[in-house]
Amino acid sequence: MRVVVIGAGVVGLATAYYLARDGHAVTIVDRNDGVALETSFANGAQLSYSYVAPLAGPGVLPKVPPWLLRRDSPLRFYPALDLAQWRWLLGFVAACNRETSERTTRRLLALASDSRRRMHAFVRDEAISFDHARNGKLVVYSDPAGFDSARRLLDYQRSLGSEQVALDRAACLAREPSLAVAESTLGRRLVGGIDTPSEEVGDCYRFCVGLERRLVQPDLGVRMLLGTLTRSLVVRGGRVTHADTAAGELDADAFVVAAGVESMMLCRDVGVRLPLYPLKGYSLTLPLQGPAPTMSITDFKRKVVYAPLADGAGHRLRVAGMADIAGWSRAPDPVRLRQLLAEARGAFPRATDYAMPLERFEPWCGLRPATPRGSPLLGATSIKNLYVNVGQGALGWTLALASGGFVADVMAGRPTAVPGEGLTL
Ligand SMILES: Cc1cc2nc3c(=O)[nH]c(=O)nc-3n(C[C@H](O)[C@H](O)[C@H](O)COP(=O)(O)OP(=O)(O)OC[C@H]3O[C@@H](n4cnc5c(N)ncnc54)[C@H](O)[C@@H]3O)c2cc1C
């Protein structure tokens with residue numbers, strides 16, 4: 001089959017990989033001149049296979065008002081005259097209950113576990129360097145109540161296959177000595193943590209660039225149509241006949257929309273409603289000069305993640321966080337970037353020279369393509385030859401391979417590796 005994949009972020013590239021391996025003639029279209037230049041560019045780098053709980057949880061709503069009142073809160077809301085925003089928020093509120101959150105967590109864990117299996121096969125089969133490491137993750141808590149409820153969740157997570165242990169304060173500092181640096185505010189306030197030794201990290205952008213190189217090799221033969229905006233999909237007789245692109249009409253037997261959060265517009269125009277909204281997040285990449293974490297750290301209270309990346313050019317620490325419900329603008333807010341830098345400075349005060357100008361820390365922001373429940377939407381749509389791979393939200397790097405494999409399975413008419421219930425339109 002001739003298949004057009006719209007979007008060359010990590011999700012579109014992973015989809016193209018599995019489709020090309022199935023023998024399809026694949027074309028990827030992206031409006032940018034290179035791959036992964038939007039949300040897949042400088043994300044938190046965490047392959048968070050065991051830590052997938054969605055933002056919509058039973059304890060979240062009471063926390064929202066205090067968050068909204070603080071200028072440096074991890075979550076910020078800018079109300080807009082945008083029906084999509086309010087629809088998304090209503091869906092989010094409806095999903096903030098134990099039953100929905102546990103069901104979503106179960107689905108995401110199954111998808112994440114399949115992604116891990118596929119990632120290990122990928123690393124074994126394909127010679128691509130992307131700072132991939134299995135160095136574990138420690139989620140640290142600053143209040144006893146939060147730590148207690150995380151401990152109570154351990155048995156539940158274990159029953160779903162996650163290998164995690166609870167560590168008290170002393171054990172956390174021994175596990176990650178950079179938290180024991182005297183001036184570390186994070187080290188001072190932590191009361192305990194959950195350690196997941198099997199968690200992994202990797203640089204998503206480097207992965208995408210390596211994957212692009214692999215995709216165009218003759219055995220996969222993927223055609224890259226970069227610098228090409230897709231203006232719309234054209235439907236006739238219940239099928240997409242072609243994509244109307246800046247390079248002209250692109251026809252194919254099947255189309256996969258994997259265009260991140262903007263998939264919503266492309267699909268809406270042909271009558272397929274996707275419940276997506278952007279959650280804007282920020283990252284910095286610190287060049288390391290002093291004590292810094294050797295494993296991933298998540299500051300649960302401040303919702304900031306720290307991931308060490310070690311490439312040939314030296315060691316770096318990716319710092320990521322914030323979730324701003326702030327519309328569709330991709331412009332970074334310098335205030336949020338400075339807040340993120342202040343978080344990093346508090347947590348790992350000797351990791352780098354914080355007196356350097358902000359630009360030296362590679363400031364970046366991206367739009368997480370989020371669904372209200374926090375689970376992606378994969379596979380068939382009401383249009384016969386139109387498929388979607390969208391809505392991975394805060395977990396797109398983690399879930400990309402499983403999501404790509406899922407869509408390829410659906411298109412091949414094979415049973416999917418993970419049950420589709422709750423993951424399809
Ligand atoms: C601050 C932050 C931290 C994060 N940390 C993590 C993490 O640690 N672990 C994790 O698993 N995930 C993380 N994520 C989430 C992850 O980065 C995203 O879920 C993922 O990158 C989404 O990939 P995508 O391919 O769907 O979208 P994108 O990477 O945005 O790709 C979509 C592509 O579609 C193209 N496109 C859109 N519209 C059109 C059009 N009309 N025509 C042509 N091309 C089009 C765009 O140019 C873009 O290249 C984080 C996100 C943020 C913002």
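**Figure 1. Gly413 and the preceding helix H11 in the predicted model**. Gly413 follows helix H11 and has a positive phi, near 75 degrees. Helix H11 itself comprises the 17 residues 396–412. At 1.5 Å a residue, this helix should span 24 Å, and its end C-alpha atoms are 23 Å apart, which agrees. A kink of about 30 degrees is present in H11, with its centre on Ala402. The helix is mostly covered, since 15 of its 17 residues are buried.

**Figure 2. The shell of residues around the ligand**. The ligand is surrounded by 34 residues, of which the closest are Asp30, Ser40, Gly44, Gly393 and Thr398. By class, the shell consists of 14 nonpolar, 16 polar and 4 charged residues. At least two shell residues come from each of helix H1 (10–21), strand S14 (277–287), strand S18 (364–370) and H11. Strand S18 gives the most, with 4 residues.

**Figure 3. Polar contacts of the ligand with Asp30, Gly393 and Leu395**. On the side-chain side, a polar atom of Asp30 lies 2.6 Å from an oxygen atom of the ligand. Two backbone contacts are also shown: a polar backbone atom of Gly393 is 2.7 Å from a ligand oxygen atom, and a polar backbone atom of Leu395 is 3.4 Å from a ligand oxygen atom. On its own, the ligand has 1000 Å² of accessible area, and the protein covers 96% of it.

**Figure 4. Helix H10 and its N-terminal cap**. Helix H10 occupies residues 334–347, a run of 14 residues. From the first C-alpha to the last, H10 reaches 20 Å, close to the 20 Å expected at 1.5 Å a residue. Asp333 caps the N-terminal end of the helix, with a side-chain oxygen 2.9 Å from the backbone nitrogen of Val335. The buried residues of H10 include Arg336, Leu337, Leu340, Leu341 and Ala344. Gln339, Glu343, Gly346 and Ala347 are buried as well. In an α-helix there are 3.6 residues a turn, so residues three or four places apart point the same way.

**Figure 5. Positive phi at Asp131 and Met322**. Asp131, a residue other than glycine, has a positive phi near 55 degrees. The residue is located in the loop between helix H4 (98–125) and strand S5 (137–141). With a relative accessible area of 10%, Asp131 is buried, because buried means under 20%. Met322 likewise is not a glycine, and its phi is positive, near 75 degrees. This methionine is found in strand S17, residues 314–325. Met322 counts as buried at 6% relative accessibility.

Note on methods:
Residues are numbered from 1 along each chain as its sequence is written. This is a predicted model: local features need pLDDT of at least 70, side-chain atom pairs count only at pLDDT 80 or more; totals for chains, interfaces and linings use all residues. Side-chain values use heavy atoms; hydrogens and water are left out. The expected span of a helix is 1.5 Å times one less than its number of residues. The bend at a residue is the angle between axes fitted to the seven residues ending there and the seven starting there. Buried means under 20% relative accessible area, exposed over 50%, partly exposed in between (1.4 Å probe, protein chains only). A residue is near a molecule or strand if one of its heavy atoms lies within 4 Å of it. A polar contact is a pair of N or O atoms within 3.5 Å; within protein, one must be able to donate a hydrogen and the other to accept it, and residues adjacent in sequence count only if both atoms are side-chain atoms. Accessible areas come from the Shrake-Rupley method with a 1.4 Å probe; for residues, only the protein chains shown count as cover. Ala, Val, Leu, Ile, Met, Phe, Trp, Tyr, Cys and Pro count as nonpolar, Asp, Glu, Lys and Arg as charged, and the others, Gly among them, as polar.
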